[in-house]
Amino acid sequence: MTTSARTKFSPDELTQISLGFEGQRPEEMLRWAFDAFGSGVGIAASFGGASGAVIMDMALKLKPDVTIFYLDTDFLFPETYAYIDAFTKRYGVTPVAYKSRLTPEQQAARHGPALWQRDPDKCCDLRKVEPNARALAGLSAWATGIRRDQSGARGGVNLVEWNKKFGLVKLNPVAAWTKKEVWAYIFEHKVPYNLLLDQGYKSIGCTHCTRAVGANEDERAGRWSGTDKTECGLHT
Ligand code: SF4
């Protein structure tokens, strides 16, 4: 695909660009994005799922100084913090943490205890969506690890799209990859990952809202289990 130093693309142009990357390696899209947006590309890391580990490895090989950020909700698993430490040692890169403006104690004082049980959308707004907006401020594009085969809700996601909610380009480099392809890459390149993925977890978020899943369940079935909530609000 022809690249340029442009930083602005219309939604229709992004749709065409996305179609052009179907069937291509994810690295091709990342290469295009770094060429088009330079340091305006940020990698959103959940430090929970396997695909994010792949995106970070690919991105760092192409652009070692790429910005990598994550949302520290204060409710991450100890294994997730251990993985972040392992990632930092492996790549020599410190991901930037964005936190809620409220500590867990301030949230409980202002909104009541266990908000994640009573109003998980509000809790996600406070601890994920608002910090994510701060993380994306000033960026031209963000890359995520979401994949079409993770859940029905993600089945139609584009590889490249205009992200109206946050007002920048969204890149989903491994959207078309299968779980099997993701794990093949992880083993081939010896990519570090969250060790909870070896313990029955397939998608890992906050301790309060994540459970291990059965072999035949959707990858994201363990998130907000028992409720009709399926997304935290970052990708909807
Ligand atoms: S995943 Fe659960 S605990 Fe984490 S921010 Fe959302 S509702 Fe709150």
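Here are a few friendly notes on helix α7, the ligand shell and the sheet.

1. A word on the basis: this is a predicted model, in which local features need pLDDT of at least 70, side-chain atom pairs count only at pLDDT 80 or more, and totals for chains, interfaces and linings use all residues. Residues are numbered from 1 along each chain as its sequence is written.

2. Helix α7 covers residues 120–136. Helices here are DSSP runs of H or I with at least four residues, strands are runs of E with at least two, and both are numbered from the N terminus. The expected span is 1.5 Å times one less than the number of residues, so the 17 residues of α7 should span 24 Å, and the 22 Å between its end C-alpha atoms agrees.

3. Where does α7 bend? The bend is at Leu-126, by about 40 degrees (the angle between axes fitted to the seven residues ending there and the seven starting there). Just after the helix, Gly-138 has a positive phi of about 90 degrees.

4. Turning to the ligand, α7 gives the largest share of the surrounding shell, five residues. Among the 13 residues around the ligand, those that come nearest are Trp-116, Cys-123, Cys-124, Cys-206 and Cys-209 (a residue is near if its C-beta atom, placed from the backbone, lies within 6 Å).

5. The open sheet has six strands in the order β3-β2-β1-β4-β6-β5, with mixed pairing; strands pair if DSSP finds at least two bridges between them. Its edge strands, β3 (96–99) and β5 (160–163), each pair on one side only. Strand β5 runs antiparallel to β6 (residues 168–171), joined by four bridges, and Glu-161 has Lys-170 of β6 as its bridge partner.
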